[in-house]
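Please open the model in your viewer and keep the sequence panel beside it, since each stop below begins with a selection.

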Amino acid sequence: MPPEKISEDSLLEELERLDSELDSTPRKRDMDELGRYSGEIYTKRFGSWYDALERVGLESDSYPHRISTEDLHSELLRLTDELGRMPEGREMDEEGNYSLSVYVRRFGSWNDAVESAGLGVRPNNTRISNEELLDEIRLMAMAFERPPTSEEMTAVGEYSVSTYVDRFGSWVNAVRDAGLEPARELHSYRRDDLLDELVQVTEELGRAPTRTELNELGDYSIKAYDSTFHSYRSALKAAGVHPSQR
């Protein structure tokens, strides 16, 4: 059955079934290995694996703001030992205990997370082949089920947008060289995704975030909110967050 035709009730029932069989709260990789559906389906349908857990009344020590930096480093080092090399961001998503977005939110980028853990980062983007760059766009397109925007590459991609501009002349050219039709920048975001992210950051801070805080802590840039809602105040209002909560 295509993922989009699987009902939320079926997904949540499977999550509860898996929880009843395990001695601990199910992880995304547990669903991949033992469940009926892939963990990625839950991320796409509920916004994150942690949100899916909360929907069935489960709490996880892996919820982003509860994870210590030491635990994130330890998991990164564990996966490095397992692979025998520095992992790529998408490999953490697929094989690690924490999602790539958790690392990006905590450290700013995947490379910054790797560096923070004491691992080496590729020192020179010229060593990356054009085909590796294009493959990253194709992989993200498969994950998003559409071509990624430059903002999304900046947020969760393996390489910087400036590298694509240097190699291909522009982000649009790079996407087309990958055999894809570029998505509309910024406007490709769904309103609900932006609002859910704004509410999540508000809950993490215990108050309404400033524009700078949302830009740094959220999965989407402040430009996406300005473009979609015309002003940050309008975005706060649509999310049910009062500016005075600051």
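The tour goes from the whole chain to one helix and then to the aromatic side chains.

Begin with the entire protein chain in cartoon view, bearing in mind that this is a predicted model. The chain has 16 helices and zero strands, and of its 246 residues 45% are buried. If you switch on a surface, the accessible area comes to about 13,000 Å², with 45% of that area belonging to carbon and sulfur atoms. Among contacts with a separation of 6 or more, those between residues 24 or more positions apart account for 54%.

Next select residues 130-144, which are helix 9. This helix has 15 residues and reaches 21 Å from its first C-alpha to its last, close to the 21 Å expected at 1.5 Å a residue. Now show the side chains of L133, L134, E136, I137, M140 and A141, the buried residues of helix 9. Turn the view until you look down the axis of helix 9: the buried residues fall within an arc of 150 degrees, and therefore line one face of the helix. An α-helix has 3.6 residues a turn, so residues three or four places apart point the same way.

What covers the buried residues of helix 9? To see part of the answer, add helix 6 (89-95), helix 10 (150-156), helix 11 (161-168) and helix 12 (171-177), which are included in that cover. Before leaving, step to E145, which follows helix 9 and has a positive phi, near 65 degrees.

The next selection is residues 100-107, helix 7, where Y103 and F107 lie four residues apart, about one turn of the helix. Both Y103 and F107 are buried. Are the planes of these two rings stacked or edge-to-face? The ring centres of Y103 and F107 are 6.3 Å apart and the planes stand at 25 degrees, so the pair counts as stacked, because the limit for stacking is an angle under 30 degrees.

For contrast in ring geometry, select Y164 and W171, an edge-to-face pair with 5.1 Å from centre to centre and 80 degrees between the planes. Y164 counts as buried because its relative accessibility is 0%, and W171 counts as buried at 6%. Add F168 to the selection, and you have the one aromatic cluster formed by Y164, F168 and W171.

Methods. Residues are numbered from 1 along each chain as its sequence is written. This is a predicted model: local features need pLDDT of at least 70, side-chain atom pairs count only at pLDDT 80 or more; totals for chains, interfaces and linings use all residues. Side-chain values use heavy atoms; hydrogens and water are left out. Rings of Phe, Tyr and Trp (its six-membered ring) pair if their centres lie within 6.5 Å; planes under 30 degrees apart count as stacked, over 60 as edge-to-face and the rest as tilted. Helices (H or I, at least four residues) and strands (E, at least two) are DSSP runs, numbered from the N terminus. Buried means under 20% relative accessible area, exposed over 50%, partly exposed in between (1.4 Å probe, protein chains only). The expected span of a helix is 1.5 Å times one less than its number of residues. The arc is that of the directions from the helix axis to the C-beta atoms. Contact means heavy atoms within 4.5 Å. Accessible areas come from the Shrake-Rupley method with a 1.4 Å probe; for residues, only the protein chains shown count as cover.
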